[in-house]
Amino acid sequence: MGGGASRLEVSGTLTVDGTIRSNGDTNSTATGGAGGSLWLTCNTFAGAATGLLQARGGDPGINNAGCASGGRIAVSWLGGSTYAGGYDCRGGRYGSTYEGQPGTLSLPAAPAISPTAAPTSRMFTFAEASR
């Protein structure tokens, strides 16, 4: 079963010091479920290093069943961010190898460094976003 979708819309400060998950299920006899989605919007995004946003793909129960892909995490804020936590949208795995495709992470763009480079959002795979 897939991870489902969660939407949080906060008019003030959203503080994540724990874990918010939308993970796909791990299946003991077949393919794992696809990672779900987290869509968070707020004025200010905050949280300690213990914070984690997670939309992982589920692990399969048997080797040839296939690993599920990671989900999508999108966070947007207007007033700034002091969030020091992590993001996890990797695919499912079997054994010690991640086999499922990574999901995506969308965060507001960093300030433009030139007038011609003004991105509105940045997309990351898990490998680029993990910290």
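**Salt bridges and a small strand set**

At 18% relative accessibility, arginine 90 counts as buried. Keep that residue in mind. One caution before we go on: this is a predicted model.

Let's start with the charged pairs. How many salt bridges does the structure hold? Three.

Arginine 90 takes part in one of them. Its partner is aspartate 88, and the N to O distance is 3.9 Å. Aspartate 88 is buried as well, with a relative accessible area of 6%.

Aspartate 88 also meets arginine 56. That is a salt bridge too, side chain to side chain, at 3.7 Å from N to O. Where do these two residues lie? Aspartate 88 is in strand E7, which covers residues 86-88. Arginine 56 is in the loop between strand E5, residues 52-54, and strand E6, residues 72-81. So the pair ties together parts that are 32 residues apart in sequence.

Is arginine 56 buried or exposed? Buried, with a relative accessible area of 17%. The cut-off for that word is under 20%.

Now put those pieces together. Arg56, Asp88 and Arg90 are linked in a network of salt bridges. Aspartate 88 meets arginine 56, and aspartate 88 meets arginine 90.

On to the remaining pair. Glutamate 9 and arginine 7 form a salt bridge through their side chains, at 3.3 Å from N to O. Here the surroundings read another way. Glutamate 9 is exposed, at 64% relative accessible area. Arginine 7 is partly exposed, at 35%.

Next, the strands. Strand E7, the one that holds aspartate 88, belongs to an open sheet of three strands. What is the order? E3-E5-E7, with parallel pairing. Which strands are at the edges? Strand E3, residues 19-21, and E7, and each of them pairs on one side only. From one strand to the next, the twist averages 10°.

Look at one pairing in detail. E3 and E5 run in the parallel sense and pair over three bridges. One position to find on screen: threonine 19 stands opposite leucine 52 in E5.

Let me tie the two topics together. Aspartate 88 sits in strand E7, and E7 is an edge strand of the sheet. The same aspartate 88 is part of the salt-bridge network with Arg56 and Arg90. The loop that carries arginine 56 comes between strand E5 and strand E6, and E5 is in the sheet order too.

That's the tour. Questions, please.

Definitions and conventions: Residues numbered from 1 in each chain as written. Predicted model: local features only at pLDDT ≥ 70, side-chain atom pairs only at ≥ 80, totals over all residues. Heavy atoms only, no water. Salt bridge = Lys/Arg side-chain N within 4 Å of Asp/Glu carboxyl O. Buried < 20%, exposed > 50% of the residue type's maximum accessible area, 1.4 Å probe, protein only. Helix = DSSP H or I, 4+ residues; strand = E, 2+ residues; numbered from the N terminus. Pairing = 2+ DSSP bridges. Axes fitted to C-alpha atoms, helices over the stretch in contact; angles between N-to-C directions.
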